[in-house]
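This briefing concerns one protein structure. Please consult the sequence and the 3D view alongside the text.

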Amino acid sequence: MTSTPTSLKPLWKPDRKLIDQSNMKRYFDWLFVKKGLYFRDYHDLWDWSTTDLEVFWESIWQFFDVQSLEEYYDVIQKPKSGMIGTRWFEGARINYAEHIFRNKTYDYPALLFQSERQPLTEMSWAELERQVAALAAHLRAKGITPGDRVVSVLPNIPQAVVAFLATNAVGGVWSSCSPDFGTASIIDRFQQVEAKILIAADGYTYNGKAIDKTETIHELRAALPTVQQIIWVPYLNRNTSLHELDVRGKLGDVILWETILRAPVSELVFEAVPFEHPIWILYSSGTTGKPKAITHSVGGCLLEHLKALALHQDVKPGERYFWYSTTGWMMWNYSVASLLVGATLVIYDGSAAYPTLDVLWNLAEKAKVNHFGSGAAYFLACMRSGKSEGEEETRPNSKWKLDQLRTIGSTGSPLPDEGFRWIYEAVKKDVWLISLSGGTDVCSGFVGGSPTLPVYEGEIQCRMLGCKLEAYSEQGKPVRNELGEMVILEPMPSMPIYFWNDPDNERYQSSYFEHYAGAWRHGDWIKITDRNSIVIYGRSDATLNRDGVRIGTSEVYSAVESLPEVSDSLVVCLELPHGRFFMPLFVVLSNNNGEPEQLTEEITQRIRQTLRTKYSPRHVPDAIYQVAEIPYTISGKKVEAPVKKLLMGALPQNVTNPDTFRNPAALNEFVRFAELFEPENLP
């Protein structure tokens, strides 16, 4: 392993006490005692974990004492070619929720919950078990058997956790959309999976406003003919009656959540299912077509989440785990997995910026959060706060001690260098920053943290155990210290078992395996350093190509958005006839006395000079345009590829689904720009 250059100083290093008390160190020691395996460091361990897959994944099963109704007889069965169809732990029969309730205790709560509507409250393990048992009994009474789908449209509230655990307890398959999804977007997803039960709330709150979703539920009822019953959660109006909900008499069989919980509670019974049995159906963003219904296995997610939460984030029993998410993002599923390792799950429903960006940091202080996570966009919003006149700067360490805070997790998009620095300067100087990247595809991370490694500015600490990840050149060769395509070369248990309604795996195959033979191409543009850390430069389908040199969009954003005049930006590179390229940059300018700055020649030149100085002349755009806002997906990612297609002349209806956007109106401005970007009009 190449030693760390002395010229590069880490932002954080684990002390001896943290390393010695970490779950990762405990796993190192266990491997030595139980398996006779000795590893010099984390990277040595990673090499083994991606080479001897059978022994590694069996060691995860054994280290975490996974319980099975029946013994497995084979750890891994690979197909003759490729990864699709790999079988894991054949013969095992397990239950995910059962492993969660192994941690029930009277010593600390199971859930802490706060919203825009109510202060911080807690739910005990006993109460969580009681509610899950009541709902599970109801689902069984309604005929839900292993494999049946239960779908939900719920905010990030305790009822969503209860509903998932009850569905899993009876062997059902869970699928969820956040209520901020558009109705058509929800229908596009749920029509694919033919659910028997719909669990829905009457609305949600955001930015201090109550958003009623009653009409949406009526529309879903009409569009989902397989739904046999609606379980209604009156979240906005708790005293609503069934008659008030169904004044048109078209909802059919509908029951109130509280009615189910008031029924006599029987013992919570868990249905053991095969390792490869589906646990949930997640969905791709659907920005350019019908969302892919990505289906994961019970056993694959159980092993992956135990590994990721306990080893890579060092979450321990009794610690408090928070990740700001909605129920439509895979990070909600991932955060619920903190219950697998005995943590208390902290959940929040509402806007991260209402009434100010301080709301989540205040929650972290009140709830004594040990592990705090969010999308990178939130941390960058905090970092850039105070630019506009009258706006307060967000500096958590100036208001709160955050004594209990051990880790900060960031995902969703690359966290740039200045984001790393801001965490250590404005939040906590001795916190362990875990930048991770993975996705809906595995409901976990490919790259993330290790408590045995230092944190360097702009770098993700390591490739996660069991994930044989490389950066590939265009020729399909591994490269170091240069940009390449992120690929995974060996199967993982949490990879999709299939896409729903994709019987021949055509969509599955085309999504990951068409570019490089035998390798999963994930679509991220990365660099693996000599330290085996990882830098992600953005999505490869949005990569900028200037004179044959590829540039990650994150570099442009890092430089441009460091300027006080710029609050947001988006860049694309358009391929033109005769091998030409045109790279426009779109910027949202900061407010000045309540009005946006205007893009002047002075600001334009400052942007160009900053990009040229910080990176290279190739990073300088061909033109800069001011826009009112940048379009984002609901999960908070900039929409680069669809914007690029719009600007190259594609029809809006062919490349975008407005229901998948947080701010769909922002696309209209780019549709108008497309008329200006005819090749003959460009330099």
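The points below cover a helix, the cysteines and a buried arginine.

This is a predicted model, in which local features need pLDDT of at least 70 and side-chain atom pairs count only at pLDDT 80 or more, while totals for chains, interfaces and linings use all residues. Residues are numbered from 1 along each chain as its sequence is written, and side-chain values use heavy atoms, with hydrogens and water left out.

**Helix α22**
- Helix α22 spans residues 666-676; helices (H or I, at least four residues) and strands (E, at least two) are DSSP runs, numbered from the N terminus.
- A666, L667, F670, F673 and A674 of this helix are buried, that is, under 20% relative accessible area (exposed is over 50%, partly exposed in between; 1.4 Å probe, protein chains only).
- These buried residues line one face of α22, because they fall within an arc of 110° seen down its axis, the arc being that of the directions from the helix axis to the C-beta atoms.
- R672, E675 and L676 are exposed on the other side of α22.
- The buried residues pack against β34 (584-589), β37 (623-626) and α20 (641-647).

**Cysteines**
- The count of disulfides (pairs of cysteine sulfur atoms within 2.5 Å) is 0.
- For C177, the nearest cysteine sulfur is that of C443, 14 Å away.
- C177 is buried, at 0% relative accessible area.

**Arginine 463**
- R463 belongs to strand β23 (residues 462-463) and is buried at 4% relative accessibility.
- Its side chain makes a polar contact with the side chain of N532 (3.0 Å).
- A polar contact is a pair of N or O atoms within 3.5 Å; within protein, one must be able to donate a hydrogen and the other to accept it, and residues adjacent in sequence count only if both atoms are side-chain atoms.

Terms used. Contact = heavy atoms within 4.5 Å.
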